[in-house]
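Grab your viewer and a coffee: here are some exercises on reading packing from coordinates. Try each one yourself before you look at the solution.

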Amino acid sequence: MSGFDIGFVIFPGITQLDFTGPFEVLSRLGTPASISAASKFPQSRTHVVAKTMLPVSSDRGLGIMPTCTFQSCPPLDLICLPGGAGVVEALADFETVDFIRRQGEQAEYVTSVCMGAFLLGAAGLLKGRRAATHWAYVDLLPLVGASHEKGRVVRDGNVFTSGGVTSGIDFAFRIVAELAGPEVAQAIQLGIEYDPSPPFDSGHPDKASEAAIALMVQRNEKAYTGIREGLKKLVIPGKFPR
């Protein structure tokens with residue numbers, strides 16, 4: 001294999017690190033395993049896909065430039081859906097959900113970060129699957145026919161779903177290791193100096209204080225309600241997304 005098309009679907013209100021974390025790793029898929037080895041994917045390409053070529057604003061106001069549109073995007077070997085509060089509006093956008101469905105049905109890898117899992121679900125790509133998402137939203141997974149499995153990265157067949165925000169970096173390394181080998185993944189990890197050592201051990205509700213959990217639940221309440229109601233509109237009892 002030499003070519004591999006990776007596509008990140010972006011939309012207004014995404015969380016930029018959901019996108020830029022795995023983008024930084026997966027865009028380096030062409031890295032060789034060693035000085036003397038040739039790359040397995042010298043022609044790998046990374047696409048930033050949106051409805052139009054206009055800049056897309058993240059939930060923190062960062063402007064992101066697409067590289068192609070739904071119409072001009074090639075068939076993807078890997079599709080990735082970031083999350084963010086903008087998922088609420090994206091769920092109601094037929095073009096976005098239909099693009100995800102069409103590309104996801106033929107992709108070798110179907111992936112998401114954080115709340116992006118619900119866009120995969122709205123496209124019918126999580127039915128009967130085990131999945132992860134941001135901890136504050138896991139109880140909504142049954143609305144798309146998925147069951148929650150506790151884990152930073154959860155794989156079910158060709159579907160990789162990851163938890164909140166930074167977990168997208170970890171899933172990306174797993175994909176690189178599977179495709180190009182662990183030596184390539186380790187070289188990329190060294191290249192970006194991914195050696196986290198946070199000052200606090202509070203990155204999961206199993207470890208965080210009750211006060212911090214209560215605050216984050218409150219701050220996620222609007223998006224939680226929006227996703228729940230959006231999914232109820234999309235899903236017909238006994239069936240799954242149109």
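**Exercise 1. Work out which residues of H5 and H6 meet, and classify how the two helices cross.**

Start with the residues that touch. On the H5 side you should find Phe173, Val176, Ala177 and Ala180, and on the H6 side Pro182, Val184, Ala185, Ile188 and Gln189. Sort them by class and you get eight nonpolar, one polar and no charged residues.

Keep in mind that this is a predicted model. Now fit the axes: H5 covers residues 167-180 and H6 covers residues 182-191, and their axes come within 6 Å with a crossing angle of roughly 140°. Angles over 145 degrees would count as roughly antiparallel. The pair H5 and H6 is therefore oblique.

**Exercise 2. Describe the geometry of the Phe4 and Phe41 pair, then say what the pair connects.**

First, the recipe: for two aromatic rings you want the distance of the centres and the angle of the planes. The structure holds nine aromatic pairs. For Phe4 and Phe41 the centres are 5.6 Å apart and the planes make 75°, which is an edge-to-face arrangement.

Next, place the two rings. Phe4 sits in strand S1 (residues 3-9), while Phe41 is in the loop between helix H1 (16-26) and strand S2 (43-50), so the pair ties together parts 37 residues apart in sequence.

Then check the burial, with under 20% relative accessible area as the cut-off. Phe4 has 0% relative accessibility, so Phe4 is buried. Phe41 has 1%, so Phe41 is buried as well.

Now do the same for Phe70 and Phe99. Their centres are 4.5 Å apart with 15° between the planes, so this pair is stacked, given that planes under 30 degrees apart count that way. Phe70 lies in the loop between strand S5 (68-69) and strand S6 (78-81), and Phe99 in helix H3 (residues 94-106), so this pair ties together parts 29 residues apart in sequence. Both Phe70 and Phe99 are buried.

To finish, look for a cluster: Phe4 and Phe41 join Tyr109 and Phe160 in one aromatic cluster.

**Exercise 3. Find the hubs of the largest nonpolar core and list the contacts of Ile227.**

The core has 71 residues, and those touching the most other members are Leu26, Phe118, Tyr137 and Ile227. Which helix gives the largest share of this core? That's H5, with eight residues.

For Ile227, skip the neighbours within four places in sequence. What's left is Val87, Val88, Leu91, Met115, Phe118, Tyr137 and Leu140.

**Exercise 4. Sort Thr15, Ser34 and Phe94 into buried, partly exposed and exposed.**

Take Thr15, in the loop between S1 and H1. Its relative accessibility is 18%, so Thr15 counts as buried. Beyond four places in sequence, Thr15 touches Asp59, Gly83, Gly84 and Val165.

Ser34 belongs to the loop between H1 and S2. At 34% relative accessibility, Ser34 counts as partly exposed. Measure along the chain and Ser34 is 150 residues from Val184, yet their C-alpha atoms are separated by 7.8 Å.

Last comes Phe94, in helix H3. With a relative accessible area of 54%, Phe94 is exposed. For a final check, the C-alpha atoms of Phe94 and Ala123 are separated by 9.7 Å, with the two residues 29 apart along the chain.

Key: Residues are numbered from 1 along each chain as its sequence is written. This is a predicted model: local features need pLDDT of at least 70, side-chain atom pairs count only at pLDDT 80 or more; totals for chains, interfaces and linings use all residues. Side-chain values use heavy atoms; hydrogens and water are left out. Axes are lines fitted to C-alpha atoms, for helices over the stretch in contact, and angles run from 0 to 180 degrees between N-to-C directions. Helices (H or I, at least four residues) and strands (E, at least two) are DSSP runs, numbered from the N terminus. Angles under 35 degrees count as roughly parallel, over 145 as roughly antiparallel, 65 to 115 as roughly perpendicular and the rest as oblique. Contact means heavy atoms within 4.5 Å. Ala, Val, Leu, Ile, Met, Phe, Trp, Tyr, Cys and Pro count as nonpolar, Asp, Glu, Lys and Arg as charged, and the others, Gly among them, as polar. Rings of Phe, Tyr and Trp (its six-membered ring) pair if their centres lie within 6.5 Å; planes under 30 degrees apart count as stacked, over 60 as edge-to-face and the rest as tilted. Buried means under 20% relative accessible area, exposed over 50%, partly exposed in between (1.4 Å probe, protein chains only). A nonpolar core is a set of buried Ala, Val, Leu, Ile, Met, Phe, Trp, Tyr and Cys residues joined through side-chain atoms within 4.5 Å.
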